[in-house]
Amino acid sequence: MPISENMVQEIVQEVMAKMQIADAPAGKHGVFKDMNDAIEAAKKAQLVVKTMSMDQREKIITCIRKKIKENAEVLARMGVEETGMGNVGDKILKHHLVADKTPGTEDITTTAWSGDRGLTLIEMGPFGVIGAITPCTNPSETVLCNTMGMLAGGNTVVFNPHPAAVKTSIYAINLLNEASLESGGPDNIAVTVEKPTLETSNIMMKHKDIHLIAATGGPGVVTAVLSSGKRGIGAGAGNPPALVDATADIRKAAQDIVNGCTFDNNLPCIAEKEVVAVSSVVDELMHYMLTENDCYLASKEEQDKLVETVLAGGKLNRKCVGRDAKTLLSMIGVQAPANTRCIIFEGPKEHPLITTELMMPILGIVRAKDFDDAVEQAVWLEHGNRHSAHIHSKNIDNITKYAKAIDTAILVKNGPSYSALGFGGEGFCTFTIASRTGEGLTSASTFTKRRRCVMTDSLCIR
């Protein structure tokens, strides 16, 4: 029987009220007071996990998928209530996406060569205990997605979640360990501390038993990980441009861009952050955004007020991140229609609301004189993050030229940005996109090391 809106809200409030972190029983389902104790528990659990068969690991992952679906709405509401960012409906979809499309043990494969001199195998083996730093923008989604892939590879994981999302992250970690225990696995396949801080993060990164660190967050976090002396997987910032050329289906492009930009209030790092369009289609594109996609056209005065509000003192105002368009407009004294989804305006690429990654549904549109100029401006706006970019075009040569110039881990053609994660597109889901360190979209195989096993002069039966 479906759970009513009131019942879900009561569950969320009850969970949030009970999760007073200071009173959390140390060690229960992966939660510890001390980071060293958390790492030791994960180390002991990994000794069990690495001996488990692929079928046993997959049994746990299957149970995790089930629990994510059962708790998708609670996790979504907890995330919004604790962080104040995003929207519940889209976060529910994201959790179902994690449950359905995160790769498990099928991603752990073997490469073999056989010939006259014998048989050689390349196997994917576990690193052991992995350290992970997770953001407040996609807190439970990242914890759940990371753990499923890491466990499939035979690892356990120690999380240092963002302090602004600690309750939601701990709830997800509890679910993971419950799934393991219910499936015959060990407790503490995923662990964390009651009060994550920079100090606990440093302890984790420097600990002798942590051999790989995965960081999902801003450039500062990734830089710290890459400076740790350990192997690091860094999923950093992006400022994804959406390019629209003269051959595009302009009506569809407007819909796709707004849908992608407004998904979870623009929190995903892959989401469209600005548009670069050739001059001949700008007016038509903005027309469809305004008349068919519930956008609000900001005046010059309103743009200036938005700059003062969302970039207060020249820095990103965290109170604005992940807020919906109507709330952002209310902050500058504008009472917009209830259905307002996105704030749009035309401006130069140097405009602070265009050149800065905002993570909110504000979409600046840059006019380019031709396609080559559009590519040049889009590449400049991406800032060399090599993260994500998008294009709307029916010209294969233009798409190819843009793809080579922008050189990003993700390039979406003729669709909303979220199709890159398997939502309305093909492929698997991940919330750790390692553009900076080159792994791209991470999966279970990313969290393994390659081991060569050689048998000489035997086992070739050709």
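Modeller: Quick ground rule: helices (H or I, at least four residues) and strands (E, at least two) are DSSP runs, numbered from the N terminus. This is a predicted model, where local features need pLDDT of at least 70, side-chain atom pairs count only at pLDDT 80 or more, and totals for chains, interfaces and linings use all residues. Residues are numbered from 1 along each chain as its sequence is written, and side-chain values use heavy atoms, without hydrogens or water.

Biologist: Fine. Where's R386 sitting?

Modeller: In the loop between α14 (371–382) and β14 (388–392). Its phi is near 60 degrees, a positive value for a residue that isn't glycine.

Biologist: Is R386 buried or exposed?

Modeller: In between: R386 counts as partly exposed because its relative accessibility is 36%. The scale is buried under 20% relative accessible area, exposed over 50%, partly exposed in between (1.4 Å probe, protein chains only).

Biologist: And N266, what's its phi?

Modeller: Near 70 degrees, so positive again in a non-glycine residue. N266 is in the loop between α9 (250–262) and β10 (274–278). Unlike a surface loop residue, N266 is buried, at a relative accessible area of 1%.

Biologist: Switching to pockets. Which residues lie nearest the centre of the largest one?

Modeller: P135, H162, G217, G218 and V221, out of 44 lining residues. On a 1 Å grid over the protein atoms alone, a pocket is an open set of points with protein on both sides within 12 Å along at least five of seven lines, a cavity is a set where a 1.4 Å probe fits but cannot get out, and lining residues have an atom within 4 Å of a point.

Biologist: Which elements supply at least two residues each to that pocket's lining?

Modeller: Strands β4 (129–134) and β5 (156–161) do, along with helices α7 (198–206) and α8 (219–226).

Biologist: Why does the largest pocket lie between the domains?

Modeller: Because domain 1 (5–236 + 440–456) and domain 2 (241–423) both give residues to its lining. Those bounds come from an automatic or database domain assignment.

Biologist: OK, the largest cavity then. What lines it?

Modeller: L93, K94, L97, F263, P268, Y418, L421, F423 and F431. Domain 1 and domain 2 each put at least three residues into that lining.

Biologist: And what lines the second largest cavity?

Modeller: T102, P103, C145, N146, G149, C429, T430, T442, S443 and F447.

Biologist: Two cysteines listed there. How many disulfides by your rule?

Modeller: Zero, taking a disulfide as a pair of cysteine sulfur atoms within 2.5 Å. For C429 the nearest cysteine sulfur belongs to C145, 4.9 Å away. C429 is also buried, with a relative accessible area of 1%.

Biologist: How far is C320 from its nearest cysteine sulfur?

Modeller: C320 has 14 Å to go, to the sulfur of C136. C320 is buried too, at a relative accessible area of 0%.

Biologist: Last one: which helix holds V281?

Modeller: Helix α10, residues 279–292. V281 counts as buried because its relative accessibility is 5%. Its C-alpha is 9.0 Å from that of R367, though the two residues are 86 apart along the chain.

Biologist: And how much helix and strand is there over residues 33–425?

Modeller: That stretch is 46% helix and 19% strand, and its end C-alpha atoms are 42 Å apart.
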